[in-house]
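Reader: Hello! I would like a close look at a single part of this structure, taken slowly and with the residues named. Could you walk me through one strand and what surrounds it?

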Amino acid sequence: MCGICGVISGDPRQVEPAVRRMMAAMVHRGPNDEGYQPLPLGGEGGPVAGFGFRRLSILDLSPTGHQPMVNSATGDCLVFNGEIYNFRELRKDLEARGVSFRSTGDTEVLLHALSTWGEAALEKLEGMFAFAFYEANSRRILLARDPLGIKPLYVAQLPDGLVFASEIRTVLASGLVPGDLDVAGIAGMLAYGAVQSPRTIYERIRSFPAGASQWLDAGAASGRIPAEPSRYWSFPKARRPDGPALAAETVRTMLHSAVLKHLVADVPVGVFLSAGIDSTIIASFAREYTPQVTAFTVGFGAVHGEDEVDLAAATAKALGVKHVAVHLDAANMPDKWHDWLASMDSPSVDGFNTYVVSRRLAAEGVVVGLSGLGADEFFGGYSTFTRGPGWSRLLQTLSFLPDWLRSGAIAGIGRLNGRVGAAEKMRDLVAGDPSVAGITRSLRRAMSNGRLKAMGLSPHEVGLAADYLDRGPMRLEPEFDGDPFNTVSRIEAAHYMRDTLLRDTDANSMRHSLEVRVPFLDLPLVNYVSSLGGHAKRSDRGPSKSLLREAAAGVLSPAIANRPKTGFTLPIGDWMRGEMRESCEESIHRVASLPFIEGEEVRRVWLSFLKDDRAIHWSRPLALVVLGSALEYAVSPSGDSAACAALPG
């Protein structure tokens, strides 16, 4: 796990200084080592590239793991962020072809795999990764990102060059990329609580698509890109269904393999442990291979009501693993909250708990943490797996009613509980796409269409589809096969998981030089589970994630295996009205001052939240708060606040 960056330019004089500024901006991603490598793209005096790297040493802690790594036989060069979990198998294959290795880690294996097989190597990889590979023979650069988007990669295409990096702020730190705001990116962020790829809040910076690759040549130095990114992975098609017993046994075997591969490290490993079964399965399997594993849980005890610490502690005791509880309290909340906002790479309402627990893990000397992220998306842990198909059936049944009558009836249901936000969401459900996919996306909304339009952010006027998403050709959209479960699963994975959970997990953990690994997203497991019919993964009458529970039945005690999903939500709404109110209102004012947003509507949302804690869920005003904070800390190439240029006066 590291940080990568690079610049392609026709002006060799600006490349190295820009890359070194980028390297300095992401020391937190790699405090152990750094490297820079110039690379020719044209003839004498022609375009050049520069690769930069910051290293967090996890595999092969020796200098032989240094990057950028050069293949001495070919001159090829690689900068790589992530882990290749099947690198040992690939190494054996390459050694059989006569390749010799100097190191024991996965970087050199990836380098030789790309030198040997070219982009065909991508289909052989199992892991989380984002990399730039320079092919010396053709003087081209290959950019690529893992299938599910576990590792981030951002690209800024300019008229006179191209910049890429692991973080948005690192791209800006190059000094080459304007900090102009992207109204569509901001609108999508407010709609869903996190920026929706491929957009960012900056006009020039885009998220490189997951499961895709792209070749760049000297033309990139003058803004000419030969082709768009091409997809090398997609969700698998449905296969002939395995019986329940065989499916459970296959999942159990694959999970064991996934956890074992994800434990490979030359540094201490910890596990994020909640009260749910996902992290408990990871901890249980990890204990079998690494008895010294430590489980970590975040709680807020004295700050607000109950949390998951006691249940997680009991689980850790039953498993026989060391347990560390990270307690938040009123005394240390403000500093941690402000640190989280100040270090946020992309505005999001999610991730504070990951930030806090990652900070404590790092303090304990842990460098790698295993997370249960991904189980809900592929095994059916969310309420959207029942609500999405249910609402879709209801709306299609009521399709014979006039729009005004249907909208009024459904909105009335939403108002019964006193929540204005619920009524707004109901109204959007009725007026929007009634398919399972459309309903699932709508259920993930943070702010309603009406609110956004009142703020001056109409989707069509800012260049987005009606659901505030960018319908570009490279979105990782599923192939719907009439299976409601798989439809919800793939929508959740391609939107909420990738654009919120994975991105925020990476940014918040790497801020503390901590690598988070996600065994449930091991590619063979994802491919197998995704190919099963929905009925095989979740029983209509039984508990959620029935296939996963069956797969772990022999591992977990009945009390844990049958424990319902409890969820874990920090009391952020209370903090926003209490300890954090002053700083929140500063951010609200900053957003309200943007020239393309109706400030009065922004203030109205905030005041409604303060007036009635039932009227509007805290995630809606928090979306405004994190956006305002991002505007404060954003820095343009000139060194000024990027937001300042967008503010009136």
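Author: Happily; what follows is a walk around strand 6 and its partners, with a short visit to another region at the end.

One thing to keep in mind is that this is a predicted model. Let us begin with strand 6 itself, which covers residues 127-135. Is this strand buried or exposed? Of its 9 residues, 9 are buried, so strand 6 is largely enclosed by the rest of the structure. Both of its faces are covered. On one side you will find Gly127, Phe129, Phe131, Phe133 and Glu135, and on the other Met128, Ala130, Ala132 and Tyr134, all of them buried.

Next, the partners. Strands of a sheet pair through backbone hydrogen bonds, in either a parallel or an antiparallel way. Strand 5, residues 77-84, pairs with strand 6 in the antiparallel sense, over 8 bridges. Two facing positions help to fix the register in your viewer: valine 79 stands opposite alanine 132 of strand 6, and glutamate 83 stands opposite methionine 128 of strand 6. Strand 7, residues 140-145, is also antiparallel to strand 6, with 6 bridges between them. Here alanine 130 has arginine 145 of strand 7 as its bridge partner. Strand 6 and strand 7 form a hairpin with 4 residues between them, and arginine 139 in the turn has a positive phi of about 55 degrees.

Now step over to strand 5. What is its burial like? All 8 of the 8 residues of strand 5 are buried, so this strand too is largely enclosed by the rest of the structure. Strand 4, residues 69-70, joins strand 5 through 2 bridges, and the two run antiparallel. Methionine 69 finds its bridge partner in leucine 78 of strand 5. The hairpin of strand 4 and strand 5 has 6 residues between the strands, and within this hairpin glycine 75 takes a positive phi near 85 degrees.

A helix residue meets this corner as well. Threonine 107 belongs to helix 3, residues 106-117. With a relative accessibility of 9%, under the 20% cut-off, threonine 107 counts as buried. Setting aside neighbours within four places in sequence, threonine 107 is in contact with Gln67, Met69, Leu78 and Phe80. Met69 and Leu78 are the bridge partners we have just met. The C-alpha atoms of threonine 107 and valine 79 are separated by 8.5 Å, although the two residues are 28 places apart along the chain.

Finally, follow the chain past strand 7. Lysine 151 sits in the loop between strand 7 and strand 8, the latter being residues 154-158. Its relative accessible area is 2%, so lysine 151 is buried. What does its side chain meet? A polar contact of 2.5 Å joins the side chains of lysine 151 and aspartate 506. That takes us to helix 18, which spans residues 484-510. Helix 18 is mostly covered, with 25 of its 27 residues buried. It has a kink of about 55 degrees, centred on methionine 497. At its N-terminal end, helix 18 is capped by aspartate 483, where a side-chain oxygen lies 3.0 Å from the backbone nitrogen of phenylalanine 485.

Key. Residues numbered from 1 in each chain as written. Predicted model: local features only at pLDDT ≥ 70, side-chain atom pairs only at ≥ 80, totals over all residues. Heavy atoms only, no water. Bend = angle between axes of the 7 residues up to and from the residue. Buried < 20%, exposed > 50% of the residue type's maximum accessible area, 1.4 Å probe, protein only. Polar contact = N/O pair within 3.5 Å; in protein donor to acceptor, adjacent residues only side chain to side chain. Pairing = 2+ DSSP bridges. Contact = heavy atoms within 4.5 Å.
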